[in-house]
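Welcome to a short set of worked exercises. Take a look at the model below, then try each task before reading its solution.

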Amino acid sequence: MNTQRLSFIDLDSSATTPVSPGVLDAMMPFFREHYGNPSSPYPLGEQAKEAVAQARGHLAQFLSAEPREILFTSGGTESNQTAVRGALSARPDRKEILVSAIEHSSILGLKPFLEKEGYKVSILPPTPYGRIDPETVKAAISENTALVCVMWVNNETGAIQPVGEILDVAHQAGALVHTDAVAATGKIPIDLSRIRVDSLSLSGHKIYGPKGIGALFLRKGETFSSLMPGSQERKRRGGTENVPGIVGLGQAALEAKEYLETCIEKTTLLRDHLEESLMDCFPFVRRNGPRESFLRAPHMTNLGFLGIAAEKLLLDLVREGIYVSMGSACSSGSIEPSHVLTAMGQTREEALSALRFSLGRSATARDIDRTTTILSGILREKRRAS
Ligand code: PMP
């Protein structure tokens, strides 16, 4: 990773990441000399087709899947919506879908549309620590359930969900399982030969790949209906392939594998240091999400600063060049409390006191020390003022 110093400290890597130098290098020839259309029957097209196949192989290997189970899409949102639509068409006699209350808006936002089409959409509440208990799924599932949607890692708290156990409950009832792994990819290992979900989404821009590219894993053998019929992607998605984006995603998967194997430990230590420095000094700072490290994505912490408006803290930090987030980036344009924290049972005021810190690959001990020093000063000042 390029270690060039930035003029700001980015602790919001769950919102997006820069394209890594290796990814950019891999992509560049496909904008210029290898600009072919993979459908063209001459060398320029064949080169592009070969590059797409190679990237598909990288991604399949990264997930322990088969290349033909990987469908390239425009990102996490399209992957999620395609998976839901595909599952409903694969189980036409079933009219209910179970969706966890902590899903991303690209899934929860489908609720009114599905209801208008006659589906029942049941929302599964999490525990106060932000996990979906498999018993909750067991109590809600029926022979009318077509699909259960539970994300692998929650993008606001970092809570790892018991996807394998939920899968057992769902499959016993004949329902399919879709998991949004956008926040899990490159942060914890994903082995789809062991955890046999029916579909999984991931997104390029969260793993140092470009924006506007993602993938949907669709387990072979499942019926599938396309959102965008056409001849590409084995007739599962129409439109000329985004060859540079696909190549970039393939390279990002290779680099994510290496990072997981070699560097994630360092990120975890920095995250723990950040968390402990604040929680040890200020009794009103509490962690939102599970405490046990094996239940948490290693790069993220969500902290509640009880009695203090997180929006003000966020602006104070921005003035110091430190970027964090209030809940998910997609909802931070408004000051509505996070739907994840309120589903976990927090009051509006509690939820509006929370900040998410997510550490990227370039985070350093210096960044964390500076952040804790500045934030501690702000907190002391706010306490004195109140
Ligand atoms: N799922 C989760 C958990 C996300 O965080 C996001 C992006 N914020 C998405 C899905 C959507 O991904 P994309 O931006 O690639 O559409």
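**Exercise 1. Which residues in H3 are buried?**

Two notes before we start. This is a predicted model, in which local features need pLDDT of at least 70 and side-chain atom pairs count only at pLDDT 80 or more, while totals for chains, interfaces and linings use all residues. Residues are numbered from 1 along each chain as its sequence is written, and side-chain values use heavy atoms, leaving out hydrogens and water.

Step 1: fix the terms. Helices (H or I, at least four residues) and strands (E, at least two) are DSSP runs, numbered from the N terminus. Buried means under 20% relative accessible area, exposed over 50%, and partly exposed in between (1.4 Å probe, protein chains only).

Step 2: go through the helix. The buried residues of H3 are Gly76, Glu78, Ser79, Asn80, Thr82, Ala83, Val84, Gly86, Ala87, Leu88 and Ala90.

Step 3: interpret. With 11 of its 15 residues buried, H3 is therefore largely enclosed by the rest of the structure.

**Exercise 2. Work out the strand order of the open sheet, and find what H3 touches there.**

Step 1: the order of the seven strands is S2-S8-S7-S6-S5-S3-S4, with mixed pairing; two strands pair if DSSP finds at least two bridges between them.

Step 2: look at the edges. S2 (70-73) and S4 (120-124) each have a single partner strand, so one side of each lacks a neighbour in the sheet.

Step 3: take one pair. S5 (residues 145-149) and S6 (residues 176-180) run parallel, joined over three bridges, and Leu147 stands opposite Leu176 in S6.

Step 4: add the helix. H3 (residues 76-90) packs on the sheet and touches S2, S3 (96-100), S5, S6, S7 (199-203) and S8 (214-218), where contact means heavy atoms within 4.5 Å.

**Exercise 3. Is Ser20 buried or exposed, and which side chain does a polar contact join to that of Ser20?**

Step 1: locate Ser20, which sits in the loop between S1 (9-10) and H1 (21-27).

Step 2: its relative accessibility is 1%, so Ser20 counts as buried.

Step 3: the partner is Glu255, whose side chain is joined to that of Ser20 by a polar contact of 2.6 Å. Such a contact is a pair of N or O atoms within 3.5 Å; within protein, one must be able to donate a hydrogen and the other to accept it, and residues adjacent in sequence count only if both atoms are side-chain atoms.

Note on methods
Axes are lines fitted to C-alpha atoms, for helices over the stretch in contact, and angles run from 0 to 180 degrees between N-to-C directions.
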